[in-house]
Amino acid sequence: MDKAKTAVIAGIAAGILDTVYFSARAYISDSTPGRIMQAIASFWIGPSSYEMGAASMAFGLATHFGLSILMAAGFVFAAIKLSVFKGRLIVAGPLYGALLFAVMNLIVLPLRWPEIYPRYNGWASTAEIGLHLAFGAVIVWVVRRRAAA
């Protein structure tokens, strides 16, 4: 199995799942997926990303998928070597997703927005936890499929 290619494929697959989730959530919240992309870009650029139009949306999208690929690479290159996951990949995906949720909400997001993270926001946070469990499961599913091929 080509680990780098597997990480890219798994990251893109999990990133698509996340994009569908936050796009639906944006529309429900009377926002747009483009606005979410600008929010992601604002991690690097700051509040001016909301005034940059399509450029910051594209940068946010690239950041989003870059992070998804890095998260998948973390599993491909490290976690599958841990003996605790051998033969337990059905459990490994949600566990890895839970770890990713914790890292994002306790470390990454508070770096940019310390005034609002970490936080628990009722059903929205519960849905995000579920999303991260599914995100991890998608990564593991792709890794298993590629390893079996």
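Here is a short walk through this predicted model, one selection at a time.

**Stop 1: the salt bridge.** Start by selecting Glu128 and Arg25 and showing their side chains. The two meet in a salt bridge, at 2.5 Å from N to O. This pair ties together distant parts of the chain: Glu128 sits in helix 5 and Arg25 in helix 1, 103 residues apart. Don't go hunting for a second one, as a search of the whole structure finds one salt bridge. Is each partner buried or exposed? Glu128 has a relative accessible area of 19%, so it counts as buried, the cut-off being under 20%. Arg25 is at 28% relative accessibility and therefore counts as partly exposed.

**Stop 2: the cavity.** Keep those two residues on screen and add Asn105, Tyr117, Arg119, Asn121, Ala124 and Ser125. Together with Arg25 and Glu128, these line the largest cavity. Its volume is about 40 Å³, and the structure holds one cavity of 30 Å³ or more. Colour the lining by class and you should get two nonpolar, three polar and three charged residues. Which helix gives the largest share of this lining? That would be helix 5 (residues 123–148), with three residues.

**Stop 3: the pocket.** Now hold on to Tyr117 and Glu128, and bring in Ile36, Ile40 and Leu109. Of the 33 residues that line the largest pocket, these five lie nearest its centre. The space in this pocket comes to about 1,100 Å³. To see where the walls come from, colour by helix: helix 1 (3–28), helix 2 (33–45), helix 3 (54–77), helix 4 and helix 5 each supply at least two lining residues. By class, the pocket lining has 21 nonpolar, seven polar and five charged residues. Glu128 has now turned up at each stop: in the salt bridge, in the cavity lining and by the pocket centre.

**Stop 4: the surface patch.** Switch to a surface view and select Leu99, Val103, Leu106, Ile107 and Leu111. They make a nonpolar surface patch of about 490 Å². Ile107, one of the group, is found in helix 4, which covers residues 89–112.

**Stop 5: along helix 4.** Finish by picking Leu95, which also lies in helix 4. Leu95 has 48% relative accessibility, so it counts as partly exposed. Then draw a distance from Leu95 to Leu111, one of the patch residues. How far apart are they, in sequence and in space? They are 16 residues apart along the chain and 23 Å apart from C-alpha to C-alpha.

Note on methods:
Residues numbered from 1 in each chain as written. Predicted model: local features only at pLDDT ≥ 70, side-chain atom pairs only at ≥ 80, totals over all residues. Heavy atoms only, no water. Patch = residues over 30% accessible without salt bridge, like charges linked within 9 Å, V, L, I, M, F, W, Y side chains within 5 Å. Areas by Shrake-Rupley, 256 points an atom, 1.4 Å probe, with all protein chains shown as cover. Salt bridge = Lys/Arg side-chain N within 4 Å of Asp/Glu carboxyl O. Helix = DSSP H or I, 4+ residues; strand = E, 2+ residues; numbered from the N terminus. Buried < 20%, exposed > 50% of the residue type's maximum accessible area, 1.4 Å probe, protein only. 1 Å grid on protein atoms, 1.4 Å probe; cavity = no way out; pocket = protein on both sides within 12 Å on 5 of 7 lines; lining within 4 Å. Points joined across faces, edges and corners; volume = space filled by probe spheres on them. Nonpolar A, V, L, I, M, F, W, Y, C, P; charged D, E, K, R; others polar.
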